[in-house]
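Dear colleague,

I am handing over the structure below, which you have not worked with before, and I would be glad if you could look through it with the notes that follow. They go through the ligand site, then one helix, and then the sheet.

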Amino acid sequence: MIKIAPSILSADFSILGAEIEDVDKGGADYIHVDVMDGKFVPNITIGPLIVEAIKPKTSLPLDVHLMIENPDNYIQAFAKAGASIITVHQEATVHLHRTIQLIKVAGVKAGVALNPATPVEMIRDILGDLDLVLIMTVNPGFGGQSFIPQTIEKIKQVAKWREQYNLSFEIEVDGGVNGSTAKECVEAGAEVLVAGSAVYNQTDRKKAISDIRTAAEQ
Ligand code: DX5
Ligand code: ZN
């Protein structure tokens with residue numbers, strides 16, 4: 001079963017609550033929240049205050065993607081604000097295993113994201129600790145970028161290890177996912193598709209979500 005996670009990065013922030021209710025009613029499975037600090041990535045977005053404010057707007061899991069340096073310092077705050085999944089970047093933390101344990105102690109599902117240039121081998125030894133692996137299919141920082149095709153091989157390798165080691169983490173893809181790129185991601189082994197511009201740049205979000213789902217499941 002494919003899950004669609006609209007990224008609110010491309011939503012209208014002046015009416016953010018309504019934008020979230022719109023995709024909730026439109027059949028989304030997760031709400032993807034892109035947190036950027038202006039250091040790990042060249043953009044600044046959302047903090048725990050916004051996560052706390054949107055939490056009552058939806059019963060869907062809040063899938064919080066931390067594109068920040070020193071994520072350990074903020075895990076507690078995002079957990080308290082209502083995150084259901086917290087994903088940190090392998091490139092942003094030196095002691096990744098410790099960071100994962102901090103997320104779990106906070107009572108939240110733990111994910112690790114990999115930039116397009118980061119080999120999947122970097123997380124092989126901790127796959128058993130993860131609830132989610134996020135393969136970035138663009139360089140993080142902005143919505144509306146083009147899908148990087150070389151990332152498909154990484155999805156395939158992670159999916160292969162998942163089967164080989166009998167693990168059950170979800171594989172999520174993020175960046176440039178739309179009706180044209182969703183299918184190859186799913187064929188490679190991903191089941192959670194983040195889509196920002198492909199959902200929020202359309203007026204009919206329900207149709208946008210179902211179009212991606214249909215393309216992915218073809
Ligand atoms: C990129 C973010 C993505 C982004 C995706 O840094 O992590 O979640 O919002 O946007 P689209 O789907 O437009 O590429
Ligand atoms: Zn993201």
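A residue is taken here as near a molecule if its C-beta atom, placed from the backbone, lies within 6 Å of that molecule. Please keep in mind as well that this is a predicted model, and that every value below was computed from it.

With that in hand, the surroundings of ligand 1 can be described: there are 22 residues around the ligand, and those that come nearest are Ser 7, Pro 140, Gly 143, Gly 196 and Ser 197. By kind, the shell around ligand 1 is made up of 8 nonpolar, 12 polar and 2 charged residues. At least two residues of this shell come from each of strand E2 (31-36), strand E8 (192-195) and helix H7 (197-200).

Helix H1, which spans residues 16-25, has Glu 19, Ile 20 and Val 23 as its buried residues. These three lie on the same side of H1, because the arc they cover around the axis is only 95 degrees. On the face of H1 that is turned away from this buried side, Ala 18 and Lys 25 are exposed. The cover over the buried residues of H1 includes strand E1 (3-6), E2, helix H2 (48-54), H7 and helix H8 (205-217). Just after H1, Gly 27 adopts a positive phi of about 100 degrees.

Turning to the sheet, you will find that it is open and has 8 strands, paired in parallel and arranged in the order E1-E8-E7-E6-E5-E4-E3-E2. E1 and E2 are the edge strands, each of them pairing on one side only, and from one strand to the next the twist averages 25 degrees. E1 and E8 run parallel and are joined by 4 bridges, in which Ile 4 has Leu 193 of E8 as its bridge partner. Helix H4 (residues 96-105) packs on the sheet, where it touches strand E4 (85-89) and strand E5 (109-114), and its direction makes about 145 degrees with that of E5.

Elsewhere in the sheet, strand E6 (residues 132-136) runs parallel to E7 and is joined to it by 5 bridges, and Leu 132 has Glu 170 of E7 as its bridge partner. Strand E7 (residues 170-174) is largely enclosed by the rest of the structure, because 4 of its 5 residues are buried.

With best regards

Key: Residues are numbered from 1 along each chain as its sequence is written. Chains are lettered from A and ligands numbered from 1 in the order in which they are written. This is a predicted model: local features need pLDDT of at least 70, side-chain atom pairs count only at pLDDT 80 or more; totals for chains, interfaces and linings use all residues. Ala, Val, Leu, Ile, Met, Phe, Trp, Tyr, Cys and Pro count as nonpolar, Asp, Glu, Lys and Arg as charged, and the others, Gly among them, as polar. A residue is buried if 20 or more other C-beta atoms lie within 10 Å of its own, exposed if 12 or fewer, and partly exposed in between; C-beta atoms are placed from the backbone. The arc is that of the directions from the helix axis to the C-beta atoms. Two residues are in contact if their C-beta atoms, placed from the backbone, lie within 7 Å. Two strands pair if DSSP finds at least two bridges between them. Axes are lines fitted to C-alpha atoms, for helices over the stretch in contact, and angles run from 0 to 180 degrees between N-to-C directions.
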